[in-house]
Amino acid sequence: MSIAEPVTVVAPIKPVSTFVKGLDGVVAVQTTLSSIDGQRGILTYRGIDIHELAEKARYEEVVYLLWYGKLPNRQELAGLEARLAANRPIPDQIITTLRNTPDNAIPMVVLRNAVSALAMFDPDGEDISPEATRRKAERLTAQMGTILTAYHRLRHGLEPIDPDPRLDHTSNLLYMLTGDQPDPAYVRALDLYQVLLADHGMNASTFTARVVASTQADLHSAVAAALGALKGPLHGGAAEATMRTLFEIGEVDKADAFVDNAFKTKRKIMGIGHRIYKTGDPRAVHLQKYSQSLGERRGEVKWFQILKEVEQAVLKYRQLYPNVDFFSSTMLYYIGIPVDMFTPMFAASRIAGWSAHVIEQYDDSVLIRPQSEFIGSTEQHYVPIDERE
Ligand code: COA
């Protein structure tokens with residue numbers, strides 16, 4: 001009887017799907033965190049409409065909702081607030097690094113570096129269990145504001161202000177920035193901003209965080225990568241770019257001509273348009289309202305009025321609407337956030353969503369690894385260096 005030849009089993013290669021530029025419309029993950037209906041302009045966190053959360057929820061409640069899948073009861077909320085308060089101070093070594101950072105550094109770069117460095121101090125180290133990742137998320141959420149405000153003060157020759165454990169998350173942020181007891185109107189506006197920016201489907205930075213988490217790397221690696229993705233003007237950098245556009249326009253009666261020229265020269269108008277929302281971004285409604293009232297309160301409503309002119313002028317050309325960054329720009333400006341700290345403020349809000357997605361991704365444990373379509377020539381050969389042109 002002859003012995004059968006060993007059979008080599010080759011796993012079938014899955015058929016390659018058609019190339020989709022920018023992954024537009026491709027569903028890469030399943031999530032229970034946020035849902036977006038771009039046609040009808042609906043956003044939910046854990047099934048709760050963003051309009052309901054905008055009116056009623058505080059940022060800490062939304063953080064809990066995203067991380068634990070339910071709104072916290074009083075005891076659970078108090079527990080989270082106490083842990084955030086305990087975690088808000090940053091290690092002395094990070095403060096020393098901030099002291100040695102150039103005064104003209106980009107705050108987003110400072111934040112990204114500090115987040116990477118915090119990984120070296122985190123007591124949960126490489127542990128990627130849900131419990132350890134939530135503890136790390138609590139530390140990062142608590143500490144981002146401390147890092148940013150400390151750096152901002154140091155670059156202006158001022159000493160950092162220690163967080164006040166009696167103040168809530170948002171009040172602390174403003175208190176550490178200025179040293180003054182924060183005005184409740186600005187606290188409310190900034191808290192709302194953070195609620196609105198806490199999560200948003202498979203945006204570029206969240207996708208980045210999930211790709212890193214899919215390799216089973218730690219939360220700090222995922223967040224550092226997400227910060228890199230958020231930094232660009234087509235994503236989180238758009239609010240700062242919008243504010244700089246407003247400075248460039250300068251006056252309300254110059255907005256129309258600016259937009260005309262932008263369309264003629266194919267210059268993109270920052271804060272306008274969205275990959276998913278085609279009829280308007282639901283978050284813009286709230287940001288617009290607060291932006292206008294804070295502008296009036298400050299006696300500087302001009303910047304808000306320029307935005308409104310730009311919004312109307314754009315509609316003469318195309319059905320493009322303001323996205324979240326459009327009215328965020330003036331709202332953060334009126335609150336007193338330095339313009340180059342707009343994107344870090346976005347990050348300090350989105351940390352809630354990034355962490356929740358990382359926990360969800362670990363649970364799925366699938367490596368995210370798409371394919372590329374090679375469109376170069378395959379008829380090439382190695383040419384010895386002396387024979388090259
Ligand atoms: N200003 C001028 N034209 C714009 C525009 C803007 N802000 N946003 C989109 N368009 C144009 C595009 O150039 C495109 O024109 P075309 O059909 O002649 O090529 C058309 O509108 C459709 O664009 P769309 O397919 O909806 O854009 P997208 O999905 O590829 O890109 C953004 C979405 C967000 C990247 C894009 O709108 C943009 O760059 N906006 C400005 C940056 C910004 O605010 N980013 C923050 C997003 S939350």
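Modeller: A residue counts as near the ligand if one of its heavy atoms lies within 4 Å of it. The model discussed here is predicted.

Colleague: How many residues surround the ligand?

Modeller: The closest residues are Ile-269, Gly-271, Ile-272, Arg-275 and Lys-278. The shell divides into 7 nonpolar, 5 polar and 5 charged residues. The number of residues that surround the ligand is 17.

Colleague: Which residue has a polar side-chain atom 2.8 Å from an oxygen atom of the ligand?

Modeller: Two contacts to the ligand involve the backbone instead. A backbone N or O atom of Ile-269 is 2.7 Å from a ligand nitrogen atom, and a polar backbone atom of Ile-272 lies 2.8 Å from a nitrogen atom of the ligand. The side-chain contact to an oxygen atom of the ligand, at 2.8 Å, comes from Lys-278.

Colleague: What share of the ligand's accessible area does the protein cover?

Modeller: On its own, the ligand has 870 Å² of accessible area. The space it takes is the largest pocket. Of that accessible area, the protein covers 69%.

Colleague: Why is the pair of Trp-303 and Tyr-333 edge-to-face?

Modeller: The count of aromatic pairs is 8. The ring centres of Trp-303 and Tyr-333 are 6.5 Å apart. Planes over 60 degrees apart count as edge-to-face, so the pair is placed in that class by its angle of 80°.

Colleague: How many residues apart are Trp-303 and Tyr-333?

Modeller: Trp-303 belongs to helix H14, residues 302-315, and Tyr-333 to helix H15, residues 324-335. The pair links distant parts of the chain, and its separation in residues is 30.

Methods:
Residues numbered from 1 in each chain as written. Predicted model: local features only at pLDDT ≥ 70, side-chain atom pairs only at ≥ 80, totals over all residues. Heavy atoms only, no water. Polar contact = N/O pair within 3.5 Å; in protein donor to acceptor, adjacent residues only side chain to side chain. Areas by Shrake-Rupley, 256 points an atom, 1.4 Å probe, with all protein chains shown as cover. 1 Å grid on protein atoms, 1.4 Å probe; cavity = no way out; pocket = protein on both sides within 12 Å on 5 of 7 lines; lining within 4 Å. Sits in = over half its atoms within 2 Å of the grid points. Nonpolar A, V, L, I, M, F, W, Y, C, P; charged D, E, K, R; others polar. Phe/Tyr/Trp six-rings, centres within 6.5 Å; stacked < 30°, edge-to-face > 60°. Helix = DSSP H or I, 4+ residues; strand = E, 2+ residues; numbered from the N terminus.
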